[in-house]
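Q: Please take a close look at one part of this chain: a small group of paired strands and the helices that pack on them. How is that part put together?

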Amino acid sequence: MDDSTAVTRVDVAIVGAGPIGLCFANALSRQGVSAMLIDRQPRSAMMNPDSDGREIALTRSSQQILDKLDVWSRVEPAERARMRGAKVFDGQSLFAMQIAPDASKDEPLGCLVPNRVIRRAAYAALQTTIPQASAPGPGEILWRDEQEIAHFQTGDTAVDLVLDSGERIHASLLVAADSRFSTTRRAMGIPVHSYQHGQHMLVCRMHHDEPHDQTAWEWFGHGQTLALLPVDTHCSSVVLTLSPADMEKQLALSVEAFDADITQRFGGRLGAMRRAVEPHRYPLVSVYAERFVGPRQALIGDAAVGMHPVTAHGFNLGLEGLSRLADLIGDARAQGEDIASSSLLRRYQREQRLATAPLFAATLAIVGLYTDDRTPARLLRKAVLRAGEAAWPVKRLIAGHLMRSSN
């Protein structure tokens, strides 16, 4: 590096200004730790993000974390869809395993919020942390939008980065929060276990004639997986999983044919269904990093663990992880210790693995069982649903994870 070039110094450099990166910067700011957010998107895209069709199921713990970060108060009540329970169906059977059917209005199973709403609220909550000077003070956040890291070098006491613009950054810690396809993670040399599920997911809000009683559905059928997430009394977010070839055919349908097809796929249980917005399509890939940390490096959010959406816990695990890392960094700063010491990073990795590995493995097992259309698998999953309905500890475990508080 050219020593004559001016250097910008921050405590933590964060790559990725999605909701996880934004909330992590927010959490650091509240610990008196300065940070820089680096993202290839323009700030306008973060301030008013486009709809991506995704609805995020938030646990109580996640809502509490967002509340501490002054994000939850910026989510309008009309954008919060309470979920009283969940049902799991298999095939054409009318039997369903029910989870937390007694959840009340005041004590719901969870809450559904559009991803774009969370992103917008997380961005707005950070605006008071922007410094007036070029050098950030304690707890202040710098932005570098429409930028990427050209290269970086890790030393004993810091990470030196160079952006595409030529700007040099000197940080104690480099954190990757740039999605499950993270280029920063790859540059760190951290391998991942990647699972290509061979399917694509379609998400689309649909109006329907019959009410859903604020209950989410997970429906495993022959050659498809369906989910229904309650938005309003007669509106839901529909999630349809198909093979890439079948998804092409689905998206080629006219609006009228699309509506009739989705109505038929749900067996007419909600009456006629009508598309409210344009559908969005995503390939299904799960990833689990072999390491969550490196020398003065850490992974958070999907860069560390990219969950299959079937259990709807990806964002919740990401929030818990960033909160865990921010607390460790804050404690180290308060005690005058290195905020990126190997012992601190090892502790974060250990705790985050304990929190994510069992659920990640269980999710893969569920996906494997419920997307296998061979006769033995179909018989097994019917038995599993029946056993799960009879074994109240199983349902209590699932509902407890959704409804638990951060305490």
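A: Start with helix H3, residues 60-68, in this predicted model. Helix H3 lies across strands E3 and E7. Its direction runs at about 100 degrees to E3.

A second helix packs on the sheet too. This is H4, residues 115-125. Helix H4 touches E3 and E7. The direction of H4 makes about 80 degrees with that of E7.

Now look at the sheet itself. It is an open sheet of 3 strands, in the order E3-E7-E4. The pairing is antiparallel. Strand E3 covers 55-58, and strand E4 covers 81-83. Both stand at the edges, each with a single partner strand, so one side of each is left without a neighbour in the sheet. Neighbouring strands of this sheet are turned by 30 degrees against each other on average, with direction ignored.

Next, zoom in on one pair. E4 is joined to strand E7, residues 110-114, by 3 bridges. These two strands run antiparallel. For one residue, the match can be named: Arg-82 has Cys-111 in E7 as its bridge partner.

Finally, step back to the whole chain. The chain has 407 residues, and 52% of them are buried. Its secondary structure comes to 11 helices and 20 strands. Take the contacts in the chain with a separation of 6 or more: 72% of them are between residues 24 or more positions apart. The accessible surface comes to about 18,000 Å², and carbon and sulfur atoms hold 51% of that surface.

Note on methods:
Residues numbered from 1 in each chain as written. Predicted model: local features only at pLDDT ≥ 70, side-chain atom pairs only at ≥ 80, totals over all residues. Heavy atoms only, no water. Helix = DSSP H or I, 4+ residues; strand = E, 2+ residues; numbered from the N terminus. Buried < 20%, exposed > 50% of the residue type's maximum accessible area, 1.4 Å probe, protein only. Contact = heavy atoms within 4.5 Å. Areas by Shrake-Rupley, 256 points an atom, 1.4 Å probe, with all protein chains shown as cover. Pairing = 2+ DSSP bridges. Axes fitted to C-alpha atoms, helices over the stretch in contact; angles between N-to-C directions.
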